Amino acid sequence: MSPPMYGLTRSLLFQLSAERAHRLGMAGLHYLGRSRDLCESLREKALEGAPPNLAVEVAGMRFAHPVALAAGLDKDAEAVDGLFACGFSAVEIGTLTPRPQPGNPSPRLFRLPEHRAVINRMGFNNHGAAQAATRLRMQTWRPGPLGVNIGKNKDTPLEQAVEDYVACVDALAPLGDYVVVNASSPNTPGLRKLQEPEQLTQLLGAVQARLASVAPGKPLFLKIAPDLTPEAVDEVVDVARACKLAGLIATNTTLARPFEHPLAKEAGGLSGAPVREPANAVIRRAYARSGGALPIIGVGGVFTAQDVYEKLRAGASVVQVYTGFIYEGPGMVGHILPALATLLARDGFKQVRDAIGAEHRATA
């Protein structure tokens with residue numbers, strides 16, 4: 001379904017509450033995933049505009065192109081096949097916690113169409129790591145990397161958070177292609193304190209140690225907030241490198257409200273177009289701090305091929321989509337790829353990567 005054709009469907013879905021529309025969309029993708037032949041056919045069609053030179057390798061994983069799906073849409077691995085059918089080069093599930101939890105009270109998801117944005121305070125609502133693991137064991141089709149995004153339960157004291165992350169590694173790491181530590185959601189009280197250097201070092205060290213035991217060689221990423229100061233970004237990058245992480249995912253949702261809107265007072269993380277440039281700024285800073293040595297998956301405000309291109313220029317190797325998918329629909333990837341190929345063809349992908357390095361060296 002191309003973005004123009006999705007317009008009518010979106011207008012109908014937007015008549016429903018945001019969370020009800022989300023559940024309906026996920027149900028549709030779940031049922032789509034029951035037909036392997038249809039999923040393969042739809043994916044092939046979505047990738048028609050992706051020439052082989054768009055392929056990217058990050059942390060030993062091959063991405064057919066740079067446009068992947070961020071965590072948050074499919075929290076429980078319910079629609080992985082249907083999402084791969086939409087053409088994403090990779091799909092990230094979660095955030096998952098060791099024990100099931102309902103998340104925060106509803107309403108907790110709000111659309112702001114005028115700003116192409118969403119505010120959510122879902123609160124890591126999920127059915128728990130064990131149930132997701134059961135679904136992943138049943139999966140028979142994986143045309144690209146599958147990421148597992150993990151967090152802590154809300155009622156777990158912060159000083160015991162490491163135990164929750166390690167429990168998730170035990171349950172899920174052998175079943176995913178990479179693991180993501182989410183220490184940056186604004187919707188679990190105190191969670192962002194885990195981004196402070198001392199606590200972050202302890203957390204990542206423990207997760208890396210358990211990962212080496214249960215899934216040796218599995219890449220570990222850290223997802224960070226767009227609200228970090230430049231100096232805090234530097235500290236996170238230094239810790240990530242010291243802990244030998246595979247890379248960063250930049251960024252999560254923001255607590256900022258850079259506009260006036262009746263819903264702006266709602267608590268939660270803001271995603272979508274308003275986060276695009278703050279996320280790009282964090283990507284640029286992280287890339288410069290690491291000298292390009294730490295791979296970055298960029299996310300925040302991606303709707304078009306130009307948005308993807310900006311994040312690649314900022315220093316990302318792969319770009320994830322979340323809110324853009326809600327607004328643009330299941331044809332989004334197929335619409336972006338030909339335009340992205342045209343943008344990159346002006347210089348070639350390798351030349352773009354070289355230019356990124358030159359730009360950051362000049363401004364460092």
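# Close-ups of a predicted model

**View 1. Strand S13 and its partners.** In this predicted model, let's start with a single pair: isoleucine 297 has valine 318 of S13 as its bridge partner. That contact belongs to the pairing of strand S12 (residues 296-299) with S13, where the two run parallel and are joined by three bridges. To get from S12 to S13, the chain passes through helix H10 (residues 305-314), and this β-α-β crossover is right-handed. Strand S3 (residues 67-69) also pairs with S13, again in the parallel sense and over three bridges. Here, look for valine 67, whose bridge partner in S13 is valine 319.

**View 2. The side chains of S13.** Now stay with strand S13 (residues 318-321) and check which way its residues face. Val318 and Gln320 point one way, while Val319 and Val321 point the other way. Whichever way they point, all four are buried.

**View 3. Alanine 70, just past S3.** Follow the chain on from S3 and you'll find alanine 70 in the loop between that strand and helix H4 (80-85). Is alanine 70 buried or exposed? Its relative accessibility is 0%, so alanine 70 counts as buried. For a sense of scale, pick arginine 10 as well: it sits 60 residues from alanine 70 along the chain, and the C-alpha atoms of the two are separated by 20 Å.

**View 4. The three-stranded open sheet.** This close-up shows an open sheet of three strands in the order S5-S6-S11, with antiparallel pairing. S5 and strand S11 (269-272) are at the edges and have a single partner strand each, so one side of each is left without a neighbour in the sheet. On average, neighbouring strands of this sheet are turned by 20 degrees against each other, direction ignored. Zoom in on S5 and strand S6 (residues 117-120) and you'll see an antiparallel pair joined by four bridges. One pair to look for is phenylalanine 110 with isoleucine 119, its bridge partner in S6.

**View 5. The largest pocket.** The volume of the largest pocket comes to about 890 Å³. Its lining takes in 36 residues, and those closest to the centre are Tyr6, Phe325, Gly329, Pro330 and Gly331. Several elements supply at least two lining residues each: helix H1 (3-13), helix H2 (18-32), helix H3 (36-46), strand S5 (109-112), helix H11 (323-328) and helix H12 (332-345). Which of the elements gives the largest share of this lining? That's H2, with nine residues. Sorted by class, the pocket lining has 23 nonpolar residues, ten polar ones and three charged ones.

**View 6. The largest cavity.** The structure holds one cavity of 30 Å³ or more. The volume of the largest cavity is about 400 Å³. Of the 32 residues that line this cavity, Ala71, Lys223, Asn252, Thr253 and Tyr322 lie nearest its centre. Strand S4 (91-96), S11, S13 and H11 each supply at least two residues of the cavity lining, and S11 provides the largest share, with three residues. By class, the cavity lining divides into twelve nonpolar, 18 polar and two charged residues. If you've come here from the earlier views, you'll recognise S11 as an edge strand of the open sheet and S13 as the strand paired with S3.

Terms used: Residues are numbered from 1 along each chain as its sequence is written. This is a predicted model: local features need pLDDT of at least 70, side-chain atom pairs count only at pLDDT 80 or more; totals for chains, interfaces and linings use all residues. Side-chain values use heavy atoms; hydrogens and water are left out. On a 1 Å grid over the protein atoms alone, a cavity is a set of points where a 1.4 Å probe fits but cannot get out, and a pocket is an open set with protein on both sides within 12 Å along at least five of seven lines; lining residues have an atom within 4 Å of a point. Grid points are joined across faces, edges and corners, and a volume is the space filled by probe spheres set on the points. Ala, Val, Leu, Ile, Met, Phe, Trp, Tyr, Cys and Pro count as nonpolar, Asp, Glu, Lys and Arg as charged, and the others, Gly among them, as polar. Two strands pair if DSSP finds at least two bridges between them. Axes are lines fitted to C-alpha atoms, for helices over the stretch in contact, and angles run from 0 to 180 degrees between N-to-C directions. Buried means under 20% relative accessible area, exposed over 50%, partly exposed in between (1.4 Å probe, protein chains only). A crossover is right-handed if, with the strands pointing away from the viewer, the path from the first strand over the helix to the second runs clockwise.
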